[in-house]
Amino acid sequence: MNIRIEWIYRTPKGTETVFHSEEMPAAQGMLLAEDMERTGRAKNIIFIDRFDSTWTIKEMKSYLKGIETEPHNVTVYFDGGFDLATSRAGLGCVIFYDQNGKSYRLRRNAPSAQLTSNNEAEYAALYLSLQELALLNVHHLPVWFIGDSQVVINQMNGEWPALEKDLSGWADRIDAKLKELGIQPEYELVPRKANAEADRLATQALNGIEITATSEVTED
């Protein structure tokens, strides 16, 4: 979860003003809020999430403690590829998440012979990532979904209408799965180069190489 901090600063002589921070991860915000609280000059410290809900320091501590053992800070990269000559598709997704104080990367791909276009393969790859999130027990959290498909990203964030029946069906299916998991999605469109790992997984699936792997992410 990303949050903003709002607090009242009071001088020793009682002059006050309100400050607002930039958006940051909740854990980082807690460290800053606790440090400000120790100065004795920051009053009424609250956290504001992306949905404009407010949290007290006590509530945020409880939230952060509760998610330590569950996957959180989740980011998903997805990509789909379609081979017109064989009418086969390859789906790929990469999921980054934190759990128990460590960071992980899950890679997953899958072939499909039931799709009819590259756009449909992109949607199917996004749905594949949701199935993996369900297996990880990711629920009731904001999740960042990153892809290089203008169609999928712009249709899922509501900027473009989903007029084709096959694609609107996928969009509805994805929305239903998000609702079931309680996930609040954020979508980001990136160049293909920035989505290289998911693209590689989709290509490997097209070539008959299936991958399911989880590894710890460590800083160099």
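Contact here means heavy atoms within 4.5 Å. The model is predicted.

**Exercise 1.** Place Arg10 in the structure: which strand holds Arg10, and which residues does it touch beyond its neighbours within four places in sequence?

*Solution.* Step 1: Arg10 belongs to strand β1, which covers residues 2–10. Step 2: leaving aside neighbours within four places in sequence, Arg10 has contacts with Thr15, Glu16, Arg41 and Lys43. Step 3: buried means under 20% relative accessible area and exposed over 50%; Arg10 has 33% relative accessibility, so Arg10 counts as partly exposed. Step 4: Gly90 is 80 residues from Arg10 along the chain, and their C-alpha atoms are 58 Å apart.

**Exercise 2.** Describe the largest nonpolar core and the part of Leu133 in it.

*Solution.* Step 1: this core has 56 residues, and Phe47, Met60, Leu133 and Phe145 have the most contacts inside it. Step 2: helix α3, residues 118–136, gives the most to the core, with 10 residues. Step 3: apart from neighbours within four places in sequence, Leu133 is in contact with Val74, Val76, Ile95, Val138, Val143, Phe145 and Ile183.

**Exercise 3.** Determine how α3 and α5 are arranged: roughly parallel or roughly antiparallel?

*Solution.* Step 1: the axes of α3 and helix α5 (residues 165–181) come within 10 Å and cross at roughly 15°. Step 2: angles under 35 degrees count as roughly parallel, so α3 is roughly parallel to α5. Step 3: the crossing of α3 past α5 is left-handed. Step 4: the contact residues include Tyr123 and Leu130 of α3 and Trp170 and Ile174 of α5. Step 5: the residues of this contact divide into 12 nonpolar, one polar and four charged.

Note on methods. Residues are numbered from 1 along each chain as its sequence is written. This is a predicted model: local features need pLDDT of at least 70, side-chain atom pairs count only at pLDDT 80 or more; totals for chains, interfaces and linings use all residues. Side-chain values use heavy atoms; hydrogens and water are left out. A nonpolar core is a set of buried Ala, Val, Leu, Ile, Met, Phe, Trp, Tyr and Cys residues joined through side-chain atoms within 4.5 Å. Buried means under 20% relative accessible area, exposed over 50%, partly exposed in between (1.4 Å probe, protein chains only). Helices (H or I, at least four residues) and strands (E, at least two) are DSSP runs, numbered from the N terminus. Axes are lines fitted to C-alpha atoms, for helices over the stretch in contact, and angles run from 0 to 180 degrees between N-to-C directions. Angles under 35 degrees count as roughly parallel, over 145 as roughly antiparallel, 65 to 115 as roughly perpendicular and the rest as oblique. A crossing is left-handed if the near helix is turned anticlockwise from the far one by less than a right angle, and right-handed if clockwise. Ala, Val, Leu, Ile, Met, Phe, Trp, Tyr, Cys and Pro count as nonpolar, Asp, Glu, Lys and Arg as charged, and the others, Gly among them, as polar.
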